[in-house]
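I set out to look up the enclosed spaces in this structure and then the metal site. My entries follow in the order in which I worked.

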Amino acid sequence: MTEFALFLDFDGTLVEIAPKPDQVRVDPALVPALARLRERLGGALAIVTGRPITVIDGFLSPQRFDVAGLHGVERRFGGTVSGGRSEDHPALRARIPGLHAVVEPLEAVLIEDKGASVAVHWRLATPSDAARAQTIVEELATDLGPGYRLQLGKAVGEIVPASATKGTAIRAFSAREPYAGRRAIFLGDDLTDERAFATVNEDGGVSVRIGSADTIATRRLADPAAVRSLLLGWADGATIDPDALPAA
Ligand SMILES: [Mg+2]
């Protein structure tokens, strides 16, 4: 019988996207279901997200899951955190005050400073302010050079250390017990997840895109409600057969 390791994006996958990143609502049934499912998978369940680990802990309290945070910059595996220290990123830190100054005049453009990465959100901005915000973050990425890369998502642009990706984070988990030797399943909803889908496909895993966008994932689910319904079923003993999910 195939054994699986489950890797889950957070925003837009486990929870619906909110107008502001701190406004997401977590379905009360989700956290206990994830804990049961982790048990069923022998511990091989991790959250793989652009959010900091501490923020995920807040949303999924009182559970503390394995997490790859900040797109893989920081990882918590079996309770031990590595990577993600803001003091390792002086070049990025030096640009934060200037970023605040240029974003200030734009209405409804938010800076989310995560320490080792920084995101600029324009979901609620006017089209012209949104375009300006994207230009600002693109220019910052160019200025910072090859040590950083720009990751564009849904109404957000984020500067992250170039070495970290969700795909490399999934591979790092997969090299260790209890993940090692299991077939990876990765669920994600965004452009930022496509590269990780490629990694998972290459390694013989199952990639699942949430929503209707074009994708290189092999399977698809409609929305976070469909994801929660699937995971609740798996948590309660339904056969785990990701190959039976609708083709993407
Ligand atoms: Mg997402």
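**Entry 1: the largest cavity**

I began with the lining of the largest cavity and found that its largest share, 3 residues, comes from strand E8. The model is a predicted one, and I read every entry below with that in mind.

I then listed the elements that supply at least two residues each to this lining: strand E6 (110–113), strand E8 (148–153) and strand E9 (156–161). The lining comprises 30 residues in total. Nearest the centre of the cavity I noted Asp11, Ile17, His121, Val156 and Asp190.

For the volume of the largest cavity I recorded about 460 Å³. By class, I counted 12 charged, 11 nonpolar and 7 polar residues in its lining.

Where does the largest cavity lie with respect to domain 1 and domain 2? Domain 1 (4–83 + 164–244) and domain 2 (86–161) both contribute residues to the lining, and therefore I place the cavity between them.

**Entry 2: the second largest cavity**

I found 2 cavities of 30 Å³ or more in the structure. The second largest has a volume of about 50 Å³. I recorded its lining as Arg149, Gln151, Thr165, Lys166, Gly167, Thr192, Arg195 and Ala196. Strand E8, helix H5 (166–174) and helix H6 (194–202) each give two or more residues to that lining. I sorted the lining residues into 4 polar, 3 charged and 1 nonpolar.

**Entry 3: the magnesium ion**

Which residues coordinate the magnesium ion? I found Asp9 (OD), Asp11 (O) and Asp189 (OD), at 2.1 to 2.2 Å. In sequence, I wrote the spacing of these donor residues as D-x1-D-x177-D. Asp9 sits in the loop between E1 and H1, and Asp189 in the loop between strand E10 (183–188) and H6. The two are 180 residues apart, and I noted that the pair links distant parts of the chain. I also noted that Asp9 and Asp189 are both buried. Asp11 appears twice in my entries: it is a donor to the magnesium ion, and it is among the residues nearest the centre of the largest cavity.

**Entry 4: Val15**

I located Val15 in the loop between strand E1 (4–8) and helix H1 (30–40). Is Val15 buried or exposed? Its relative accessibility is 0%, so I entered Val15 as buried. Leaving aside neighbours within four places in sequence, I listed its contacts as Phe10, Val24, Arg25, Val26, Pro224 and Arg228. Lastly, I looked up Val15 against His121: they are 106 residues apart in sequence and 18 Å apart in space, C-alpha to C-alpha.

Key. Residues are numbered from 1 along each chain as its sequence is written. This is a predicted model: local features need pLDDT of at least 70, side-chain atom pairs count only at pLDDT 80 or more; totals for chains, interfaces and linings use all residues. Side-chain values use heavy atoms; hydrogens and water are left out. On a 1 Å grid over the protein atoms alone, a cavity is a set of points where a 1.4 Å probe fits but cannot get out, and a pocket is an open set with protein on both sides within 12 Å along at least five of seven lines; lining residues have an atom within 4 Å of a point. Grid points are joined across faces, edges and corners, and a volume is the space filled by probe spheres set on the points. Helices (H or I, at least four residues) and strands (E, at least two) are DSSP runs, numbered from the N terminus. Ala, Val, Leu, Ile, Met, Phe, Trp, Tyr, Cys and Pro count as nonpolar, Asp, Glu, Lys and Arg as charged, and the others, Gly among them, as polar. Domain bounds come from an automatic or database domain assignment. Buried means under 20% relative accessible area, exposed over 50%, partly exposed in between (1.4 Å probe, protein chains only). Contact means heavy atoms within 4.5 Å. Donors are N, O and S atoms within 2.8 Å of the metal (3.2 Å for Na, K and Ca); water is not among the atoms, so sites may look incomplete.
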